[in-house]
Amino acid sequence: MHWRKISPILIIGILLLTACNGASATTAVTATPQFTSTPSYTPTPEPQKTLTLCLGSEPTSLYPYGSSSRTTWSVLEAVYDGPFDVLDTGVQPVILEKTPSLADGDAVLETVDVTEGMQIVDATGEVAVLKKGIQVFPAGCSDASCAVTWDGTSALQMSQMSVTFKLLSGISWSDGEPVTAQDSIYSYNLSNDPDTPVTRGNLLRTASYEALDDLTIRWKGVPGFVPSRYSTYFWMPLPEHAWSSFKAADLLEADVSSKSPLGWGPYVISEWVKNDHITLTKNPLYFRASEGLPKFDTLVYRFLGQPADNNIEALLSGECDLVDDTTLLDQQLELILELQQAGKLKAYTSLGPELDLISFGIKPSSYDDGYYPTQGDRPDFFGDVRMRNAFIQCMDRDAIEQAVLFGLGNVPTGFLPPDSSLLATDLQATAFDPTAGALLLDEVGWKDLDGDPATPRTAVGVAGVADGTLLSIKYATSTAPVRETMAKILADSMNQCGIQVEVQYYEPADLYAAGPSGVAFGRNFDLLEWGYVPSCSTFATWQIPTAANNWIGVNVAGYSNTTYDQKCQAASQVGSADLATQQSLFIELQHMLAQDAPFVPLFFHPHIAVGRTDLCGFKMDSSARSSLWGIENYTIAQGCTE
């Protein structure tokens, strides 16, 4: 992030205009009262007909399989509504009758025979061909405690999931043709075409995808795979009747798909002026039109670029009604909060799921063949969990929250954002306490021999560390300005505990290079400050990048806990199909990580949008594919509180 300021002249001008409008001079006039039989009235103002939305960049394409950028979906949210809204509160069906569930019978888990050569999902969750020696979950098993290694000859049965989706009747494309199950099959076939640039993970885990009638689709997974979220395996309908004459490769460039795709949503694309704007008009065939939706006749998307100050100026001057979160408004968070306090705009914020954190180098890659400090291995600084907890107590994370989020958030307790329905609410973040941290370092054996906390502590009887070793740590991070700010805060606070910190700044290409030479993925660090979207599997043993797995994995700390692995696998298998069990497992996982402390959560990245003060209906949810997921509900009205 780079903290930049909006033009002070513009702000002063806006404040002066507001003051002048509220205190204009008047001249007293004496008039003879006039009487009439017609009562006077104040005309009801015409509602605003056009809503102008400002984005951080212009979409390169509006073809759903041609671009997955947030700016693309900022526009496509107006063209398509759903088919599901995936929010942190859960999955909400939009053009389907319901979300399938095991309890209702539209999701079914069957036991099937599997034989050599069949495609299955193995015990690590990867798609594989069944052969001798492969480890799998037999039918009825969902974690490593009951996994088996197939001997190549014994009869083997595994679980296979099938899910049935039912479209709402009466949904039509904006040209009047009905939306059918076949349109979803067409979309699945397009995504499965080798010329369509999509990730293949969902396709590889799909055994079949078929239409049972005009409105019903059945997905069947490969044996051994139980999805955690069924909606992921419903392919968004695409208009076969309008696109079937095009090959998959042609749809990447064709105007009919990349510039003006047909949809069933609240608006229809009417104009795209490159480098300036996209205009959409109300769809008269929108299936929620009887509810008075959408509220506006016209939408205009403008592209003002990503300098956040430009977009704030455009909002304050009335050029934009809403500026979405693709404009890097987090660069101006402090100013935005000040303007909201002054009543000049309305700010919408959500934290996560992206997390900045510090990974401890618990097990560097040089330890993979054994720990040999006399042969050059780095001292085992972090093998003792007490050492990791001491470091956490010596890190002033409250100062990080103030410097980065200006009080918007609190110090995280784990890898789930504060509004997650799976968050363990009973966990408390470890407070900055250098005195307690110093005592714990003493307990481990790191002594302050000279009584000066400004000099590094010395090892005296530390298990696995030679006496006399100085507590001097290398802290690796990127050259991003916000990370430089955090590194200084944390290095200064750790110094108060007698921890000497050498900050090493790397260009991203070097920091995130593949192992064995890369800093992060080669596991070549003491402390690593970085950011990504974590999940329970982030900290699983199978995610440790090693030579054996070609350095693929994000558990760069080298943390390993068999019980944690089993519970994470179970949580992934049950998924949202059994929310109570999933919540229970996730709470256990969070407590285990809090106890073992393989990482230090610093802050969740803010997602920020700003709107005029009378904009209503906008709800920020950073887990949605776009912050404009509820665009059909937006309106302008005085006094709304959303």
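Are Tyr 63 and Trp 243 buried or exposed? Both Tyr 63 and Trp 243 are buried, where buried stands for under 20% relative accessible area, exposed for over 50% and partly exposed for what lies in between, with a 1.4 Å probe and protein chains only.

The structure is a predicted model, in which local features need pLDDT of at least 70 and side-chain atom pairs count only at pLDDT 80 or more, while totals for chains, interfaces and linings use all residues. Residues are numbered from 1 along each chain as its sequence is written, and side-chain values use heavy atoms, with hydrogens and water left out.

**Aromatic rings and charges**

Rings of Phe, Tyr and Trp (its six-membered ring) are paired if their centres lie within 6.5 Å, and the pair is called stacked with planes under 30 degrees apart, edge-to-face over 60 and tilted for the rest. A search of the whole structure gives 30 aromatic pairs. One of them is formed by Tyr 63 and Trp 243, which meet edge-to-face at 5.8 Å centre to centre, with 65° between the planes. Tyr 63 lies in the loop between β1 (50-55) and α2 (70-79) and Trp 243 in helix α5 (residues 240-243), so this pair ties together parts that are 180 residues apart in sequence. The helices (H or I, at least four residues) and strands (E, at least two) named here are DSSP runs, numbered from the N terminus. Elsewhere, ring pairs link Phe 360, Phe 381, Phe 382, Phe 391 and Trp 446 into a cluster.

Rings also take part in contacts with charges, a charge being over a ring if NZ of Lys or CZ of Arg is within 6 Å of the ring centre and within 35 degrees of the ring normal. The charged end of Lys 274 sits over the ring of Trp 272, 3.9 Å from its centre, and the charged end of Arg 205 sits over the ring of Phe 225, 5.8 Å from its centre.

**Disulfides**

A disulfide is a pair of cysteine sulfur atoms within 2.5 Å, and by this rule the count comes to four. The table lists disulfides from this set, including their sulfur distances and the torsions about the S-S bond.

| Disulfide | S to S | Torsion and hand |
|---|---|---|
| Cys 141 and Cys 146 | 2.0 Å | about 95°, right-handed |
| Cys 394 and Cys 497 | 2.1 Å | -100°, left-handed |
| Cys 536 and Cys 568 | 2.2 Å | 75°, right-handed |

Cys 394, in the loop between α10 (385-393) and α11 (397-405), and Cys 497, in the loop between α13 (481-495) and β20 (500-506), link distant parts of the chain, 103 residues apart. Cys 536 in the loop between β21 (527-532) and α15 (562-574) is likewise joined over 32 residues to Cys 568 in helix α15. Both Cys 394 and Cys 497 are buried, and both Cys 536 and Cys 568 are buried. In the pair of Cys 141 and Cys 146, Cys 141 is buried at a relative accessible area of 10%, whereas Cys 146 counts as partly exposed at 31% relative accessibility.

**Helix packing and the chain after β24**

The axes of α10 and helix α12 (residues 434-444) come within 8 Å and cross at roughly 160°, axes being lines fitted to C-alpha atoms, for helices over the stretch in contact, with angles from 0 to 180 degrees between N-to-C directions. That makes α10 roughly antiparallel to α12, a term for angles over 145 degrees, as against under 35 for roughly parallel, 65 to 115 for roughly perpendicular and oblique for the rest.

Gly 639 is placed in the segment after β24 (635-636) and counts as exposed at 68% relative accessibility. The C-alpha atoms of Gly 639 and Cys 616 are separated by 8.9 Å, with their positions 23 residues apart along the chain.
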